[in-house]
Amino acid sequence: MDRKESDAYLRLDSARLPQHIAIIMDGNGRWARRRHLPRIAGHRAGVAAVRSTVETAARIGIPALTLYAFSEENWKKRPKSEVDFLMRLLCQYLKAEIKTLNGNNIRLRYIGRQHELPDIVQREMAEASEATAANTGMILTLALNYSARSEIVDAFRALAEAASRNGGLSHLEVTEQSISENLYTRDLPDPDLVVRTSGEMRLSNFLLWQLAYAEIYVTQTLWPDFRGLQLLEGIEEYQKRERRYGGLAHNSAADHAQSRSHAQSKH
Ligand code: FPP
């Protein structure tokens, strides 16, 4: 950690760190365009941001970090040359990073329809996750070929298939818990904080079920310029928020109780 990062870290309450942070990495293309570079140069520069963010999150003790690297829509709607480049970049990252991930005790996992990715990419992915599976620290999840709606569809299909194996529709159990237990993220807590870079105010089909109560932090920083410091700034902002989960604000709940007892004492 450099000086700025350690100052930012000291401003945080280490007892109230988010247990799961999800990040929508956005703005690689704009970063490149501003420099009159091809879009792929933005993606390449984005890898340094991934590295720094992952390392800082692990070092400060964040239990889970999920990065939206590649959506199902990206895969279908971007030119083949860009998709191929992203696949190569991912394979390079997976190969190069195993050592650092192990050095930081990080377990690497994935969410998304992996089986639709090229075989070679699937092999690299399996190798990297197996090489880090025995670690006990932060769980780093890469969302690859991910779509939240597809994830929910897959969860319902799994529930329906389980019911049909168990004797039919009367065994179909649809509850919040059964759905959560069949999502790709079943082993993770819901994110407390979702970060989106480059100023866009959208969830873009990312973890729609799991983000129900997450705090949203949008920064103007483009992804290739994002570092551990910007992550710490996002956590600082998160710690200033009051999470209500549909209830009343702390003060207004107290005011409410006070005004009720006041009203009762008058009658
Ligand atoms: C969004 O920028 C970024 C992506 C679609 C790809 C994310 C990939 C990386 C950060 C690098 C590789 C990742 C790993 C995990 C090694 P955009 O292209 O949509 O930017 P724009 O909105 O400015 O065009």
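## Ligand shell

Of the 19 residues around the ligand in this predicted model, those that come nearest are N28, G29, R30, G46 and Y93. Four elements each give two or more residues to this shell, namely α2 (28-34), α3 (39-60), β2 (64-71) and α5. By class, the shell around the ligand comprises 11 nonpolar, 6 polar and 2 charged residues.

## Overall architecture

The secondary structure of the protein consists of 10 helices and 6 strands. Its C-alpha trace extends over about 75 × 60 × 35 Å along the principal axes. Among contacts in the protein with a separation of 6 or more, 77% join residues that are 24 or more positions apart.

Of the 267 residues in the protein, 34% are buried. The largest nonpolar core contains 57 residues, and L65, L67, Y68, A69 and M138 have the most contacts inside it. For L65, the residues touched are I21, V54, A57, M138 and L140, when residues up to four places away in sequence are not counted.

## Packing of α5 and α6

Helix α5 (residues 80-103) packs with helix α6 (residues 119-132) at an angle of about 10°, and the two axes are 10 Å apart. Helix α5 is therefore roughly parallel to α6, since angles under 35 degrees are placed in that class. On the α5 side, the contact is made by M87, L90, C91, L94, K95, I98, L101 and N102. Helix α6 contributes V121, E124, M125, A128, A131 and T132. Sorted by class, the contact of α5 with α6 has 10 nonpolar residues, together with 2 polar and 2 charged ones.

## G137, between α6 and β4

G137 is placed in the loop between α6 and β4 (139-146). It is partly exposed, because 17 other C-beta atoms lie within 10 Å, and a buried residue would need 20 or more.

Once neighbours within four places in sequence are left aside, G137 is in contact with A58, N104, N105 and I106. A further spatial relation concerns P63: G137 and P63 are 74 residues apart in sequence, yet their C-alpha atoms are 6.9 Å apart in space.

## The loop between β5 and β6

N205 is found in the loop between β5 (193-196) and β6 (215-218), and L207 also has its place in the loop between β5 and β6. Each has a positive phi without being a glycine: the value is near 65° for N205 and about 45° for L207.

What is the burial class of N205, and what is that of L207? N205 counts as partly exposed because it has 16 C-beta neighbours inside 10 Å. L207 counts as buried because it has 26 C-beta neighbours inside 10 Å.

## D26, between β1 and α2

D26 lies in the loop between β1 (20-24) and α2. This residue counts as buried because it has 21 C-beta neighbours inside 10 Å, where the threshold is 20 or more.

Which residues is D26 in contact with, leaving aside its neighbours within four places in sequence? They are R196, T197, S198, E200 and W223. Between D26 and I111, which are 85 residues apart along the chain, the separation of the C-alpha atoms is 18 Å.

Notes. Residues are numbered from 1 along each chain as its sequence is written. This is a predicted model: local features need pLDDT of at least 70, side-chain atom pairs count only at pLDDT 80 or more; totals for chains, interfaces and linings use all residues. Axes are lines fitted to C-alpha atoms, for helices over the stretch in contact, and angles run from 0 to 180 degrees between N-to-C directions. Angles under 35 degrees count as roughly parallel, over 145 as roughly antiparallel, 65 to 115 as roughly perpendicular and the rest as oblique. Two residues are in contact if their C-beta atoms, placed from the backbone, lie within 7 Å. Ala, Val, Leu, Ile, Met, Phe, Trp, Tyr, Cys and Pro count as nonpolar, Asp, Glu, Lys and Arg as charged, and the others, Gly among them, as polar. A residue is near a molecule or strand if its C-beta atom, placed from the backbone, lies within 6 Å of it. A nonpolar core is a set of buried Ala, Val, Leu, Ile, Met, Phe, Trp, Tyr and Cys residues joined through C-beta atoms within 7 Å. A residue is buried if 20 or more other C-beta atoms lie within 10 Å of its own, exposed if 12 or fewer, and partly exposed in between; C-beta atoms are placed from the backbone.
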